[in-house]
Amino acid sequence: MRNIIRCVGFLAFLAVSDAAAFETRATRLQAIKTVGVISALGDEMSVTRAGLVPLNTPGQSVSIRSWGLDELVVQQATTLLNGRFRVQQVSYPRDAFAAIRESAVAPVNLARGDPFKAVVRSDVSPKGLDAYVVISRAKSKIGSGRIVQGIGFAEYRTLLASYRVIHALYEVRVIDGKTFDVIEKRVASPLGNIETMRLQGPSQLVDGSFDGPAGIETLRAAIVDLITRSLPLTLGDMHLANTQQSQ
Amino acid sequence: MKYFDEAAPRRASSAQQNLLTASLAALGIVVAAPGPAAAQTAFALPAPPFELPVLPSLSGSWTATVGIGGEYRPDFQGSKNWMLIPIPIFSVRRAGSMGGFRGPRDGASIALIDFGDLRVGPAAKFVAARNSKDRSELSGLGDVKAAFELGGFVEYYAVDWLRLRGDLRQGIGGHQGVVADLSADFIVPLIDRLTISAGPRFTWKSTKAVAPYFGVDAVHSLASGLPVFEAKGGAHSVGFGSQVTYRINPQWEVRAYVEYEKLLGAAADSPLVTRRGSSNQTTVGLGASYSFDFKIR
């Protein structure tokens, strides 16, 4: 009986403390006036082959630093957030953010907390803004379990056909500028595509080749399109941007 | 960037896909009407009243899958008669996640360690109770309560199309033994929506996992007319399984599978099996499921 009372007491404590956490999150978002935008999608595009592939088919990556995607994301997010917040330009070491990796061991991620908090606290200037909006790579699976992350191009080979997918997988965090707690975190959802093969984030099946400079430009345009279409929806879902305005 | 030069044979393969689709429909494997696109959010739920700070937020887009299947399988371990049982299908996952490959014999499991090609985590399986009153072959033998088997699994993809999996579980309830399952699955996607898999299986069980189901003690021997038999642990079965999964559209998916097991060791030698049952155990399953997206604000 004593154990039951203890359990009920513990659950009541959890409910009260979590209700408080929810209240805090909602009110904290409302209290934000000034934000800085940080984009760390990275300067590399992964090239992945999945499905019926030979043994020892490692993933590859291609430098896309010249595409200026992070600058584009900051610009787009600034435009979207400006309706509600006063967005200030911030400087940050992009490589430090891009180097952050989630552990493959889920309990480690839970135990160590969000790794972006420490980098925002130490490496971003100016300090003192109400919040920092951090846009970073997210991951998904393709095929039987191969992991793809961030910006990339994946080929899924079957016995009778091959399918090519481009992806821009990212997540958005709102980090408190004073306590550096993560107030809100959201993974960008898949777009409205209804293909049988889709990833856990903005992605699209593509046809044709991306050969030569024109092809690369076409690929860049397709990736930019994924970001441009998904960012308003993601920020709208997080109640950071006016969805109707952004659409 | 030479990689991008290879022309996608997607258009060229559309005729093959149509042919496959038509063939499957002609075989009568599936009759299903297309519903709204899974990617179109069916409904939105309000945000939960509270969230645990240490856990990921529930907010976002999710995919729910509901369905029904049927499994035609032996009445009990070692039986020569089959029974049809309904199997509910239900899962909820983040929108867009593919769900990964799943074999018919896999129990409930979740990967706490996930390197993509190597996954490790806890696993559980339910073993239904065996009531002697239900089947004449069991007459005189004792009942065995339902058992939960709790343990862990390791899954390794040497390549995308070859899954090696091992489960090790401890029984609680109906049996208190240890069960180890080993399996290999060759996974061959014919097209993006049609996948065939097949591979060998092996199961080892400790004495405590075998005895309740295949042992016959003196009391049960008198009551059942079967000779006394002491069931010991060891290699329990070898087998082969195959599965076909076909995604008609983003919403509807059907799957069919067959699993064959040849009982070995004490299970095969038990008088329950040699006199009243069979060491050949076959399970056939068929299921259809519908997926839809919903959003938590």
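This report walks through selected features of chains A and B in a predicted model.

## Domains of chain A

The domain assignment splits chain A in two. Domain 1 covers residues 1-31, and domain 2 covers 32-246. The two parts touch: four residues of domain 1 of chain A are in contact with five residues of domain 2 of chain A. On the domain 1 side of this contact there are two nonpolar residues, two charged residues and no polar ones.

## A five-strand sheet in chain A

Chain A holds an open sheet of five strands. Their order is S3-S2-S8-S9-S12, and the pairing is mixed. Strands S3 (60-63) and S12 (203-206) of chain A stand at the edges. Each has a single partner strand, so one side of each is left without a neighbour in the sheet. From one strand to the next, the twist averages 25°.

Strands of a sheet pair through backbone hydrogen bonds, in either a parallel or an antiparallel sense. Strand S2 (residues 44-51) and strand S8 (residues 151-157) of chain A take the parallel sense, over six bridges. To place one of these residues, start at A:Arg49: its bridge partner in S8(A) is A:Glu155.

## A helix across the sheet

Helix H6 of chain A spans residues 212-237. The helix lies across three strands of chain A: S8, S9 (162-168) and S12. H6 runs at about 55° to S9(A).

## Backbone exceptions in chain A

Most residues other than glycine have a negative phi, and most peptide bonds are trans. Chain A offers exceptions on both counts. A cis peptide bond joins A:Ser125 and A:Pro126, with omega about 0°. A:Pro126 sits in the loop between helix H5 (115-123) and strand S5 (131-137) of chain A.

A:Phe180 has a positive phi, near 65°, and is not a glycine. Its place is the loop between strands S10 (170-176) and S11 (182-187) of chain A. A:Phe180 has 18 other C-beta atoms within 10 Å, so this residue counts as partly exposed. A:His239 also has a positive phi, near 60°. This histidine lies in the loop between H6 and helix H7 (243-246) of chain A. A:His239 counts as partly exposed because it has 16 C-beta neighbours inside 10 Å.

## Chain B as a whole

Chain B has five helices and 13 strands. The chain has 297 residues, and 34% of them count as buried. Take the contacts in chain B with a separation of 6 or more: residues 24 or more positions apart account for 63% of them.

## One residue of chain B: Val238

B:Val238 belongs to strand S11 (residues 234-247) of chain B. Is B:Val238 buried or partly exposed? B:Val238 is partly exposed, because 15 other C-beta atoms lie within 10 Å and a buried residue needs 20 or more.

Leaving aside residues up to four places away in sequence, B:Val238 touches B:Arg201, B:Phe202, B:Lys262 and B:Leu264. B:Leu194 makes a separate reference point. B:Val238 and B:Leu194 are 44 residues apart in sequence. In space, their C-alpha atoms are 27 Å apart.

How values were computed: Residues are numbered from 1 along each chain as its sequence is written. Chains are lettered from A and ligands numbered from 1 in the order in which they are written. This is a predicted model: local features need pLDDT of at least 70, side-chain atom pairs count only at pLDDT 80 or more; totals for chains, interfaces and linings use all residues. Two strands pair if DSSP finds at least two bridges between them. Helices (H or I, at least four residues) and strands (E, at least two) are DSSP runs, numbered from the N terminus. Axes are lines fitted to C-alpha atoms, for helices over the stretch in contact, and angles run from 0 to 180 degrees between N-to-C directions. Two residues are in contact if their C-beta atoms, placed from the backbone, lie within 7 Å. A residue is buried if 20 or more other C-beta atoms lie within 10 Å of its own, exposed if 12 or fewer, and partly exposed in between; C-beta atoms are placed from the backbone. Domain bounds come from an automatic or database domain assignment. Ala, Val, Leu, Ile, Met, Phe, Trp, Tyr, Cys and Pro count as nonpolar, Asp, Glu, Lys and Arg as charged, and the others, Gly among them, as polar.
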